[in-house]
Each structure stands twice: as structure tokens, then as C-alpha cells.
Amino acid sequence: MMDGKKIISAFVAVLGTICMSKADACTGITLKSKDDGVVTARTIEWGESEMENLYTIVPRGYIQQSMLPDGETGGMAFSSMYGYVGLAVVKPEWVVDGMNEAGLSAGLFYFPGYGQYPEYNPDDKANTISDFQLVSWILSRFSTVDQVKAAIKNIRVTSIDPRASTAHWRVTEPSGKQIIIEIVNGKANVYDSELGVLTNSPEYPWQLKNLNNYVNLAPGTAGPVQMGAVKLQAFGAGSGFLGLPGDFTPPSRFVRASFLQTYSIKQDTSYDSVLEAFHILNNFDVPIGTEFPVDKYPVNMPSATQWTIATDMHDRIVYYHTMYNRVIRSIDMNKIDFATVPFQSYPLDETKTETIIPARVDM
């Protein structure tokens, strides 16, 4: 097992500089289906290097203990009341998005430059948890957002390295009720999220206010409009969205995700909503090179969008695809006995190759 110092070194090597990069472009949406299903979906971006991307299965009763700054031991310990499945980065315990057997979904999104965790106090270490373990704590212990809302006030969140970006979190229950957690000036602010969209900085209330700048946008085709003797008409369908921002900044992605999610057709089933979510999030894939100066990209990978996940809280199934393989894979939680299954973790891609199926050709 790695000691605390080595764990921190691994953290810094892969994630500690993300607040200085332009690759922290996570985008999250929420879809509801006609069968009362709720699906949360999101992308995760990291363009500096290839992360170790994993999925983790955690049984009931599994005990975890938080890492602390400077490799200290004795952070908050917690046992899983609920089993859960999550997608993790670097370490199996660093689950950044997933769902528990009660249907509660939780995800971490980067929040650079705006979050401020409370100052770490060794006297409170038994009540302190690292930000990269907060999703695991939420999925382990709770079944509703109201429970999370009440409990978040009684813990202290910290980063195990001060150079790393801060984060904020989205938590959703099967009813569709959703909250956003942002820690600013050492205080946890919890917002009810009726829209269901989350990206990165600035803070969530600002993102909602910024939507007012796009009050002119509407689905469909604008015009025609008579301008004196000249008739103005659209070149093609979709002109009602002229002005929808297409860049990769968090505010622009928040606006784009809000409109695409809101005006997409409500699907019959949660499974159909899962497929729709992947189609919507295709609009947010970040090609390598677009977030760095010309010829200054640090690595050549298929995409800065390393993976995309959709959690079906109605049918209790987790779906994902990756930058290496766009085939959608699933983890059916109904087939897992969380009372007996061992803790386990596997790479998201067994082989890093695209699955290509030859089309039929009759000879």
C-alpha cells in the first residue's frame, strides 16, 4: 500500500496542476423521461496527459479513511451503508462520479479560482475529508439530497495538496431533486438545482444569472423579417439559436448545455434518455490542441474528453464510453449483490482501441 507521501506525489503528478491548465472542462446535464426516469450525465476532461481511468465497485460495509494534507493519517473514517458503482481517476478510491444502490447519484466537477475550503486544522482531522473522497462518502452514506444537505454542514472538506484546484459537486436523487454544493470562504453553500446543468467556474448562481444574456435564443428557425424593401430570412434550420456560444469556456458550455438539454425531445424511457444524453454531450467533446497554443499541446491523445458517463437512476444502470472506444458499456447494479461482492476496480478500457464493425456488403 502507498504511504501518505507517495499518495500525495501521485496526486500532484496527475491532478495538482489542473487549476493552471485549460482542460478542466467537465459538463453535466440531467434528463427526465416520460416513465419518470432521471438520468444524470457528464463529461470529464483532462488534456495534459492520459489519466488512469477506472471503474470501482464498492460493497456495503466497506471502510474508507480520508487522506489528509502532508500525508497525515487519521482523517475521517466512514463505512458504506450503501454499495455503489463509480468511475474513478488515478486511484480506485477517487470516485469522481457514480451511483449507489439507493439510486443516489453524485459527481465532482472542478471549480478553480472560486472555491475556498476551510483552513485545515489537525485538531479536526477526524471530521475532515479530502475533496476527492467526498463523492465516495456521499454514495456510501446517503439516499436523499436532504440527508446530504444536512450532513455536509458537519464535516470539513480539504485538499491534500494546496496547489490542486478546488471542486464543487452535484448530487441527484431518483425523484429528480438535485443540489449543487460549493465551498466558498470556508462555508458550504448548497443550491437547489432545478435546471440540472453544471460546468465549472464561476459559482452556480452567477451561471444562472448569465443565462439572461441569451434571452433572445429559441429553438426553430428565425424570421423571415422585412427590413424596409429587403426581406431577411435564415440560410437554414436552427437559426433561432444564432448566438449560442460554441467555445469551451465554462460559462459558454453552461449556456450551450442548458439550451440543448432543455429543448431536446423528452424520451419515453430512461434508457432512451441515456442514449439522448450521450448525443447531447457529443457537443462538448474537446479535441486535443484546441485548448493550447498551436503546436504546444503536451500529449497526443484521441481527445481531452477522456470519458463520458450516464447514470440511469430509474433502472440502476451506469453507462460510459471513453476517448479510446466510443462503444457504450454498462454496469447493471441490479445484478450485483452488494452484501457479498468484494471491493474491486478495473480500467475503463481493457484495450485502448476503437471498436469498428464492418458494414454488410453482399457480393
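**View 1. Pro-224 sits in the loop between helix 4 and strand 14 (225–227).** Helices (H or I, at least four residues) and strands (E, at least two) are DSSP runs numbered from the N terminus. This is a predicted model, in which local features need pLDDT of at least 70 and side-chain atom pairs count only at pLDDT 80 or more, while totals for chains, interfaces and linings use all residues. Residues are numbered from 1 along each chain as its sequence is written, and side-chain values use heavy atoms, with hydrogens and water left out. The peptide bond that leads from Gly-223 into Pro-224 is cis, its omega being near 0 degrees. Gly-223 also has a spatial partner in Gln-233: the two are 10 residues apart in sequence, and their C-alpha atoms are 5.5 Å apart. Gln-233 belongs to the loop between strand 15 (230–232) and helix 5. Is Gln-233 buried or exposed? Gln-233 is exposed, at a relative accessible area of 54% (buried means under 20%, exposed over 50%, partly exposed in between, with a 1.4 Å probe and protein chains only).

**View 2. Pro-202 lies in the loop between strand 13 (187–192) and helix 4 (204–210).** Look along the backbone here for a cis peptide bond, from Ser-201 to Pro-202, with omega near 0 degrees. Most peptide bonds are trans, and most residues other than glycine have a negative phi. Strand 13 also holds Lys-187. Lys-187 counts as exposed because its relative accessible area is 55%. Its C-alpha atom is 8.4 Å from that of Lys-153, 34 residues away along the chain.

**View 3. Asn-185 and Arg-316 show positive phi values outside glycine.** For Asn-185, phi is about 55 degrees. Asn-185 is placed in the loop between strand 12 (178–184) and strand 13, and its relative accessibility of 67% makes it exposed. For Arg-316, phi is near 60 degrees. Arg-316 is in the loop between strand 16 (305–312) and strand 17 (317–322).

**View 4. Helix 2 (residues 134–141) is largely enclosed by the rest of the structure.** How many of its eight residues are buried? Seven of them are, so the enclosure follows. The buried residues of helix 2 are Leu-134, Val-135, Ser-136, Trp-137, Ile-138, Leu-139 and Ser-140.

**View 5. The second largest pocket has a volume of about 340 Å³.** Of the 19 residues in its lining, those closest to the centre are Thr-30, Leu-31, Lys-32, Leu-195 and Gln-261. On a 1 Å grid over the protein atoms alone, a pocket is an open set of points with protein on both sides within 12 Å along at least five of seven lines, unlike a cavity, where a 1.4 Å probe fits but cannot get out; lining residues have an atom within 4 Å of a point. The volume is the space filled by probe spheres set on the points, which are joined across faces, edges and corners. Which elements each supply at least two lining residues? They are strand 1 (28–32), helix 5 (250–263) and helix 6 (270–281). Strand 1 gives the largest share, three residues. By class, the lining has three nonpolar, 10 polar and six charged residues (nonpolar: Ala, Val, Leu, Ile, Met, Phe, Trp, Tyr, Cys and Pro; charged: Asp, Glu, Lys and Arg; polar: the others, Gly among them).

**View 6. Asp-124 and Lys-296 are two loop residues.** Asp-124 is in the loop between strand 8 (105–110) and strand 9 (128–130), and a relative accessible area of 29% makes it partly exposed. Between the C-alpha atoms of Asp-124 and Gly-74 there are 9.9 Å, with 50 residues separating the two along the chain. Lys-296 lies in the loop between helix 6 and strand 16 and, at 58% relative accessibility, counts as exposed. Lys-296 and Leu-68 are 34 Å apart, C-alpha to C-alpha, and 228 residues apart in sequence.

**View 7. Zooming out, the protein chain has six helices and 19 strands.** Its C-alpha trace spans about 75 × 60 × 45 Å along the principal axes. The chain's radius of gyration is 21 Å, which agrees with the value near 21 Å for a compact globule of 363 residues (taken over C-alpha atoms; the rule is 2.2 Å times the number of residues to the power 0.38). Of the 363 residues, 53% count as buried. Among contacts with a separation of 6 or more, 70% join residues 24 or more positions apart (contact: heavy atoms within 4.5 Å).
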